[in-house]
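Please find below my notes on how some of the helices in this structure are arranged. They are set out as numbered points.

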Amino acid sequence: MQSKVIERHAIINSYGIDVAKNGEGQIDSTIIAFLFNNQSNLTETITGTGSTVRDARQDAETKAIYNFLPGQIRLILYGKEVAENGITPYLNTLVRDARTSDMMYSAISTKTAREVLLTKQEVTGINVGQYIQELIEKEITEDSIPDPSLHKLTHTYEDTGKDPFLPLIGLTGDKPALKGMALLQDGKYVGELPLSDGFLVNLFQKRIRDKPFHLTIPRDPLVKYINNPQEEKENFDIDLLVIDGKSKTKITDVNQLHFETDVKLKVNLYETSESFKIESEKVSKILEKEVEKEIKRQYEELLINLQEANSDPLGLGNIFRSNTTDGQLTSKEWRKKFPETTVDFNVNVDLINYGSIQ
């Protein structure tokens, strides 16, 4: 193996990809890299322009006294315009580079990637790329969003009947923040959803445990059990902990494109917006019913939004394909069918613990 002196190289931590200002089919690449010397470890940002990611990196190297090593990239941030044109060419480049980690995260910016990555970077030296990476990692650990690692992204992209679902990064003041989730169609950014929908998609795809969950439900069915109700309000806010959550989806009518999803949740009641007493099983059943209605409503609204964007991160196309005679389905075929699908969401909530009473 050829040896490399680390003091003579820059270890790339984050990449930002934008449409080049001069156009002509080129991209601007914003690179955040670690430098190592005898005094301290530093972070430096440099930009390059080229027709490909590799070409842009080589252009950046002409402006530096060191070479870039891509083996430790942890974040690729696609600018909004690039994402709208499609991220597929850049995915192919990453997959073919054996030095690129499969565990790096992909995300889409509400602005240019450069604008987000340079926030406070030049003034304070804070590694914004690493900050965004840890921000995404925290949400994955809490089961708030699906895993956007390169391995998961490329697997989903190649899987006909299911679309990737990526974090959407913007700025709150002068600080990067997770703004929602980006919808993709054939690798192109076509819409966005609120961050809360990330949990619904995640629950559709995997088993969830120990996940805090906030809901707003109608107040009227519960008002007689509220201690000293004074203000006239329409809604009642509750915080739950999902101890165990799972779902199962099946297709009940292939010709009519009709699906059925069973969602089962075991939850603890953590907090309510007003003092609330549960003195009997009857009261807990009322609360369970209202939670079930709200989650069902959210899933139905989610499906409508996905169909409007014609993007299927739920993977209904996969289920449809596995129930066809030949098991064949093209992306074009599913784009025509997906807006016509219907899903019955059956939600069952079991309130396990509500304070000192079980």
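The points below cover the basis of the notes, one helix taken alone and two helix pairs.

1. This is a predicted model, in which local features need pLDDT of at least 70, side-chain atom pairs count only at pLDDT 80 or more, and totals for chains, interfaces and linings use all residues. Residues are numbered from 1 along each chain as its sequence is written, and side-chain values use heavy atoms, with hydrogens and water left out.

2. In helix H1 (residues 53-61), Val 53, Ala 56, Arg 57 and Ala 60 are the buried residues, buried meaning under 20% relative accessible area with a 1.4 Å probe, protein chains only. Viewed down the axis of H1, these buried residues fall within an arc of 100 degrees, so they line one face of the helix.

3. Helix H3 (residues 88-96) and helix H7 (residues 150-158) have axes that come within 11 Å and cross at roughly 125 degrees, which makes H3 oblique to H7 (oblique covers angles that are not under 35, over 145 or 65 to 115 degrees). Thr 88, Leu 91, Leu 94 and Val 95 of H3 make the contact with Leu 150, Leu 153, Thr 154 and Tyr 157 of H7, contact meaning heavy atoms within 4.5 Å.

4. Helix H8 (residues 196-205) packs against helix H9 (residues 281-309) at an angle of about 95 degrees, with the axes 11 Å apart; H8 and H9 are therefore roughly perpendicular to each other (65 to 115 degrees). Asp 197, Leu 200, Val 201, Leu 203 and Phe 204 in H8 meet Gln 298, Tyr 299 and Leu 302 in H9.

Terms used. Buried means under 20% relative accessible area, exposed over 50%, partly exposed in between (1.4 Å probe, protein chains only). Helices (H or I, at least four residues) and strands (E, at least two) are DSSP runs, numbered from the N terminus. The arc is that of the directions from the helix axis to the C-beta atoms. Axes are lines fitted to C-alpha atoms, for helices over the stretch in contact, and angles run from 0 to 180 degrees between N-to-C directions.
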